[in-house]
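Here is my note on the model you sent. Please read it with the coordinates open.

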Amino acid sequence: MNIGKGQLIFKGFANIGAGAKLSIDKDASLIFDNQFWSTGPLLIIARKQIQFGRNCVLSWNISVMDHDAHDIYHGGVLVNTPQPVLFDNHCWIGFNSTILKGSIIPENSVIAANSVITKADFEKNSVIAGVPGMTIKNGVNWN
């Protein structure tokens, strides 16, 4: 675990599975609300902000990054700035999924196994799947 000078915040119970790797850059934050569960290897790298709502469940081999890992400049200007990643309450993330910068996972949603999420325009109560992730079913609930 590398916290740098960032913030790691727990707002209640969190079970972080074996093999988790967390890295938080200076001035970044990683926030876990109550009832966070991960079942196995997990990679979270925050340069800005990654936030999990209440009752989020992550399967194994999940990667979450709020940046592109390397800065890219055009004409001396940074063109790929970090963007927050937000998980609303009651989200389930299937194994081998990747959640990238600017993504918002809506309330009561399921991310199917092996998906790559790159955007923020999904509806709550959805199943999201694929590369890139797309809504494949609305109006769902899960336990």
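The points below go from the whole chain to the sheets and then to single residues.

1. Status and composition. This is a predicted model. The protein contains 19 strands and 0 helices. Any description of the fold is therefore a description of strands and the loops between them, given a helix count of 0.

2. Overall dimensions. A compact globule of 143 residues would have a radius of gyration near 15 Å, and the protein has 15 Å, so the value agrees with the rule. Along the principal axes, the C-alpha atoms fill a box of roughly 45 × 35 × 20 Å. The two descriptions should be read together: the radius agrees with that of a compact globule, while the box has sides of roughly 45, 35 and 20 Å.

3. Burial, surface and contacts. Buried residues make up 39% of the 143. The accessible surface is about 7400 Å², and carbon and sulfur atoms account for 54% of that area. Among contacts with a separation of 6 or more, 19% are between residues 24 or more positions apart.

4. Charge. There are 11 positive and 10 negative side chains in the protein. The centres of the two sets lie 3 Å apart.

5. The parallel sheet of five strands. One open sheet has 5 strands in the order β3-β6-β9-β14-β17, with parallel pairing. Its edges are β3 and β17 (116-117); each has a single partner strand, so one side of each is left without a neighbour in the sheet. Going across from β3, the pairing with β6 (residues 42-46) runs over 5 bridges, and S23 stands opposite I45 there. Next, β6 is joined to β9 (residues 62-65) by 4 bridges, with I44 opposite V64. Then β9 pairs with β14 (residues 98-99) over 2 bridges. V64 stands opposite I99 in β14, so V64 has a partner on either side, I44 in β6 and I99 in β14.

6. The mixed sheet of seven strands. A second open sheet is ordered β2-β5-β8-β13-β16-β18-β19, and its pairing is mixed. At its edges stand β2 (14-15) and β19, each with a single partner strand, so one side of each lacks a neighbour in the sheet. An antiparallel pair in this sheet is β18 with β19, joined by 4 bridges. Within that pair, S126 stands opposite N138.

7. Strand β4 and its partners. β4 pairs in the parallel sense with β1 (residues 7-10) over 4 bridges, and also with β7 (residues 49-52) over 4 bridges in the parallel sense. S29 is the bridge partner of Q7, and S29 also stands opposite Q49 in β7. In a regular strand, side chains alternate between the two faces of the sheet. In β4, S29 and I31 point one way, L30 and F32 point the other way, and all are buried. What cut-off applies to these four residues? Buried means under 20% relative accessible area.

8. Backbone at D27. D27 has a phi near 70°, a positive value in a residue other than glycine. It is in the loop between β3 (20-24) and β4 (29-32). D27 is exposed, with a relative accessible area of 65%. The loop thus links an edge strand of the five-strand sheet to β4, the strand described in the previous point.

9. Backbone at H90. Positive phi also occurs at H90, about 60°, although H90 is not a glycine. H90 is in the loop between β12 (85-87) and β13 (92-93). Strand β13 belongs to the mixed sheet of point 6.

10. The cis peptide. Which residues are joined by a cis peptide bond? They are V131 and P132, and omega is about -5°. P132 is in the loop between β18 (126-129) and β19 (134-138). These two strands are the antiparallel pair with 4 bridges, and β19 is an edge strand of its sheet.

11. An exposed tyrosine. Is Y73, in strand β10 (residues 73-74), buried or exposed? Y73 is exposed, because its relative accessible area is 52%, and the cut-off for exposed is over 50%. Leaving out residues up to four places away in sequence, Y73 touches L78 and V79.

Note on methods: Residues numbered from 1 in each chain as written. Predicted model: local features only at pLDDT ≥ 70, side-chain atom pairs only at ≥ 80, totals over all residues. Heavy atoms only, no water. Rg over C-alpha atoms; globule rule 2.2 N^0.38 Å. Buried < 20%, exposed > 50% of the residue type's maximum accessible area, 1.4 Å probe, protein only. Contact = heavy atoms within 4.5 Å. Areas by Shrake-Rupley, 256 points an atom, 1.4 Å probe, with all protein chains shown as cover. Lys, Arg positive; Asp, Glu negative; His and termini not counted. Charge placed at Lys NZ, Arg CZ, Asp CG, Glu CD.
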